[in-house]
Every structure is written in structure tokens, then in C-alpha cells.
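Reader: I would like to go through this model by question and answer. Please keep each reply short and end it on what was asked for.

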Amino acid sequence: MSNVIIALATPPLKSALAMIRLSGEGVFEMTDTLFSKKVSETKQRTIYFGTIRDEGEDIDQVCLYAYKGPNTMTGEDVVEISCHGSMVIVNQIVEAYLKRGATYATRGEFSSRAFFNGKMDLIEAESVNDMINARTKEAKNVSLMSLEGKTSKLVAPLKKKIADLLSLVEVNIDYPEYTDIEEVNKETISCAVDEIHKMLATLIKSGREGKIIKDGVKVAIVGEPNVGKSSLLNALLKEEKAIVSPIPGTTRDVVEGDINLRGVEFHLLDTAGIHESTDFIESQGIERSEKMMAQADMIILVVDGSKGLSEFDQKIISSVENQILITVYNKADLITEKNEGVLYISALKQNIQPLLERMFDSLGISGEESFATPSLNSARQLGLLKRIDEVLLKAKKDANNDLPIDLISVNLQAAYNLARELLGEGVTMDLTDEIFSRFCVGK
Ligand SMILES: Nc1nc2c(ncn2[C@@H]2O[C@H](COP(=O)(O)OP(=O)(O)OP(=O)(O)O)[C@@H](O)[C@H]2O)c(=O)[nH]1
Ligand SMILES: [Mg+2]
């Protein structure tokens, strides 16, 4: 069976042009059987203008780009066809190739082939998807640094440090009789682990910042009925998106909208006021609010400033553990006496600047340089960094407890393998399938 894969790389919609992409051994010869020009003799890269034909019928006049492997995105021979953007044409061309033995590409299969053919490491391959999904210029820039290989370069020093420690320990296990090698003891291990731990802490911090820039922040606006949550959403969006009324229980469904604050996208969710309710629809809304709150990165608890913190508000405050919580006193226009250190706003009067500042500041982004620094920022990369830290700290603890050196070595080896996994070295097919399945078809 041929290993040629095919996919429409542009959206399946009527447009001026559409791009069909193919990759695999034999794709040039396959193309020769349906194209008016001979492409199988392409040496490097050539653009052809000609007609695609199948069973004696002309399908379309196209520009056909032939790229000879291995200097291609996938490392294989690649053909890209730029045809007129009607789905009839696209379907006919795809059908013509399928008849000749090509198969539909699965999600991310082009990138996965690039990875397995050594054209890019896993960090670079992941960034392809991030580039496509970028919703802000800043998010795109962070991903571009990964695509260009700048992020992958962060891994080498980390790997080296772990390897140095590991080899020192190994040499002491294998050649304990040698007197001219540095003897490993708990102090050396402790010191080396501390140094790597510091390195990891910096990587994790900038990774978290990068993640925020790349993925944005999910914000749940919560509070009791009638405190002004929907008014606040509208003020933040500068648009009358949610219905506002003096009747408590106005919002039933979650209302959403996005804003961009200094390059970070905040995905806002206005929720139903939470309280005891016997109304079926309202109860459903409240349930959704609680769900939204659990999924959010940031919670804005809106309090009616003219009444102060309620028992309910206290409950919310004590229930939030791993998220950013901002308590904001709304309806400041009704308050004459204000307390120090309290964040007052008036959604009605569009006076929300202090909140906007707090929202950005609470992300803890170090400064402008965070937007221009490469970072290991995907959930997979951050997860690996944390696991490396855990096993190294375990090794240090074992060393301090005078455990045998070969036991310590097991954890150091694990840390080294996890560091290799960052770039995709030594990872299994299952793992990469899992990663690439999140991609678009055609990428
Ligand atoms: N004076 C004053 N009134 C406000 C302010 N913000 C909101 N309100 C009023 O408070 C009432 C409730 O506002 P909403 O925004 O609907 O409140 P909510 O929290 O979304 O209410 P539910 O959806 O019922 O949970 C409306 O009459 C608003 O005009 C404010 O800053 N000052
Ligand atoms: Mg509301």
C-alpha cells in the first residue's frame, strides 16, 4: 500500500483558492498519472502550472508545488496543489488521488511524520499547532519562538546538568575502586540537585507566564444575585452583551466574551448569581456557575459595595485554593465611606480601571521581556518539568538518608529520561499519537 497521505490544508469552504497537501513516497509518480506536466523528475523544488485530469476529464487548472525530500517539511516528497476554491474541485482532486492509492491524513499526521523523520523535535512540532491556534499577536510570537527552535535550546543545559550528576554517580557505582575520580557523597548530590532545582524553578516560572500569554486566562465572574456581575461584564467588554436588570436572578445561562489586556487575552464568563433557589431553570444556571468557577484560572467575586461582604462571599473566598481570586466591591457610586485596601469599582459608571490593573498584575508576569522570552509552556512540557523536579528532590532526600547509591541513581536516571522526553527523545508512539491527535488535519 502507498504511504502517500492527502488532506485539504485550507478550510472546507468556498474561497478564492484551496490548498491540497500530499506527502509520501511515490507521490510524484502518482501525480504524473493525473497532471499535465511530468513532476517525477523534480530535483529540489519546482512550481508547475498545468491541468489535473482524471479518466479523460479535465478537473481544474492549478499551480502545483513539488518538493523533493528530504529537504521538506515532512522529510518526504511533498506536493501542494493550489486549485480554485470550490469544494467540488477539491473533492474531485482528492478522489482522483484516493483512487490511486493515497489515504486521508489523520490529525497532525504531516507534523508527526516531520517529527519521526527527524525534521523537528517534539517542542517544535507542538508549536505548529500553537501557531494555528494563536488568537493574539503575542500568543503567536511566543509560539514562533518554539517553531524556530529557540525553546528547544532551553532543554540542553538542563539535560547536561542532570547527565553530569548522573555520570558522576554511575562512575562511582561502576568503578568504586578508582581513587582518581571525584567521590560522590550526599553533599555533592544535594548541591547539584539544588542547582538544577533552581534552574527548573526559573523554567517553570517562565513556562507559566508563556502559557498565560499563549492560552489566555479563563475568568469566572461570580457573586450573589443583583450585585452587578452582568453590568461588569458589559463594562469590561464595552458592549451591552448581557441582560442587566434590577430583578435578582436575571442571568440564567453563562454569557461569554473576550478582552485583551496588554497582550493577554482574558476569556470572561458571566454567571448566574449563586444563592439558594427553588426555581428549576435558575438552579440549573447556578449549577453551571459553580462548574465554571471550578474550571476558571481567575475568579472575580463581585460584592455589592453598599452592603459589604455576605456570608456567601466568605464561603466563596475560603473555597478558592488554586485560582487567582479578586474580590471587587461594585456600586462604589452609592458608597460615601470607603475602606483602605479595598478594590472599589462602579460597573454602572464604567469606572473599572483599578480592576483592569489588578487583573493583569495578579498574573505575576515579570515584565515586557516575558513576551519575548522562549518558554516551555505547554501543559505537557510544564508537567515534565515538575516531574523532573520531583524525582530529583527524591534523589536528594535518599542521599541525605544515606540510601545506597544505586537506588539514588534510579531517580537520577528517571530525571534524565524525563528531560529527554521534553524534546520527544525516546517517547512512545502512543504518546505522540495523543499529542498529534489535537492537531488539525492537513498539519
Ligand atoms: N448604582 C449602581 N448600580 C449598579 C452598578 N452595577 C450594577 N448596578 C445595578 O444593579 C442591578 C443588577 O445588575 P446586574 O448586572 O444585572 O447584576 P447581576 O449580578 O448580573 O445579577 P444576576 O444576573 O441577577 O445575578 C441593575 O439594576 C444594575 O443597573 C453600579 O456600579 N452602581
Ligand atoms: Mg447577571
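Author: What follows is a set of questions and answers on this predicted model.

Reader: Into which domains is the chain divided, and how many Å apart do their C-alpha centres lie?

Author: The chain is divided into domain 1 (5-116) and domain 2 (135-424). Between the C-alpha centres of domain 1 and domain 2 the distance is 43 Å.

Reader: In the largest nonpolar core, which residues touch the most other members?

Author: The largest nonpolar core holds 66 residues. Helix 13 (residues 405-423) gives the most to this core, eight residues. Domain 1 (5-116) and domain 2 (135-424) each supply at least three residues to this core. The members that touch the most others are Ile 6, Ile 20, Leu 22, Ile 93, Ala 415 and Ala 419.

Reader: Leaving aside neighbours within four places in sequence, with which residues is Ala 419 in contact?

Author: Ala 419 belongs to the largest nonpolar core. Once neighbours within four places in sequence are left aside, the contacts of Ala 419 are Val 155, Leu 158, Lys 159, Ile 162 and Ile 388.

Reader: How many residues are in the other core that lies apart from the largest one?

Author: This other core includes Ala 220, Val 222, Met 292 and Tyr 329. It lies apart from the largest core, and its residues number 38.

Reader: In the open sheet of six strands, which strands stand at the edges?

Author: The order of the six strands is 3-4-5-2-1-6, and their pairing is mixed. The two edge strands each have a single partner strand, so one side of each is left without a neighbour in the sheet. These are strand 3 (45-54) and strand 6 (103-104).

Reader: Do strand 2 and strand 5 run parallel or antiparallel, and which residue stands opposite Leu 22?

Author: Strand 2 (residues 17-23) and strand 5 (residues 78-84) are joined by seven bridges and run antiparallel. Leu 22 is also one of the core residues that touch the most other members. Opposite Leu 22, in strand 5, stands Val 79.

Reader: How many residues of strand 10 are buried?

Author: Met 298, Ile 300, Val 302 and Asp 304 point one way from strand 10, while Ile 299, Leu 301 and Val 303 point the other way. Both sets are buried. Strand 10 (residues 298-304) is therefore largely enclosed by the rest of the structure, the buried count being seven of seven.

Reader: With which strands does strand 10 pair in the parallel sense?

Author: One parallel pairing runs over five bridges, with Gly 223 opposite Val 302 in strand 10. Another has seven bridges, with Met 298 opposite Ile 324. The partners of strand 10 are strand 7 (residues 217-223) and strand 11 (residues 324-330).

Reader: Against which strands do the buried residues of helix 8 pack?

Author: Eight of the nine residues of helix 8 are buried, among them Lys 229, Ser 230 and Ser 231. Just after helix 8, Lys 238 takes a positive phi of about 55°. The buried residues of helix 8 pack against strand 7, strand 8 (255-261), strand 9 (264-270), strand 10 and strand 11.

Reader: Which residues come nearest to ligand 1?

Author: The shell around ligand 1 has 24 residues, dividing into nine nonpolar, twelve polar and three charged. Helix 8 (residues 229-237) provides the largest share, three residues. Those that come nearest are Gly 228, Ser 230, Thr 251, Gly 273 and Leu 348.

Reader: Why does Asn 226 count as partly exposed, and what is its phi?

Author: Asn 226 is in the loop between strand 7 and helix 8. A residue is buried at 20 or more C-beta neighbours within 10 Å and exposed at 12 or fewer; Asn 226 has 19 inside 10 Å, so it counts as partly exposed. Most residues other than glycine have a negative phi. Asn 226 is not a glycine, yet its phi is positive, about 75°.

Reader: Where is Gln 350, and what is its phi?

Author: Gln 350 sits in the loop between strand 11 and helix 11 (353-361). Because Gln 350 has 13 C-beta neighbours inside 10 Å, it counts as partly exposed. Gln 350 is not a glycine, and its phi is positive, about 60°.

Reader: Which peptide bond is cis, with omega near 5°?

Author: Most peptide bonds are trans. The cis bond leads to Pro 70, in the loop between strand 4 (57-67) and strand 5. It is the bond from Gly 69 to Pro 70.

How values were computed:
Residues numbered from 1 in each chain as written. Chains lettered and ligands numbered in written order. Predicted model: local features only at pLDDT ≥ 70, side-chain atom pairs only at ≥ 80, totals over all residues. Core = buried A, V, L, I, M, F, W, Y, C linked by C-beta atoms within 7 Å. Helix = DSSP H or I, 4+ residues; strand = E, 2+ residues; numbered from the N terminus. Domains from an automatic or database assignment. Contact = placed C-beta atoms within 7 Å. Near = placed C-beta within 6 Å. Nonpolar A, V, L, I, M, F, W, Y, C, P; charged D, E, K, R; others polar. Pairing = 2+ DSSP bridges.
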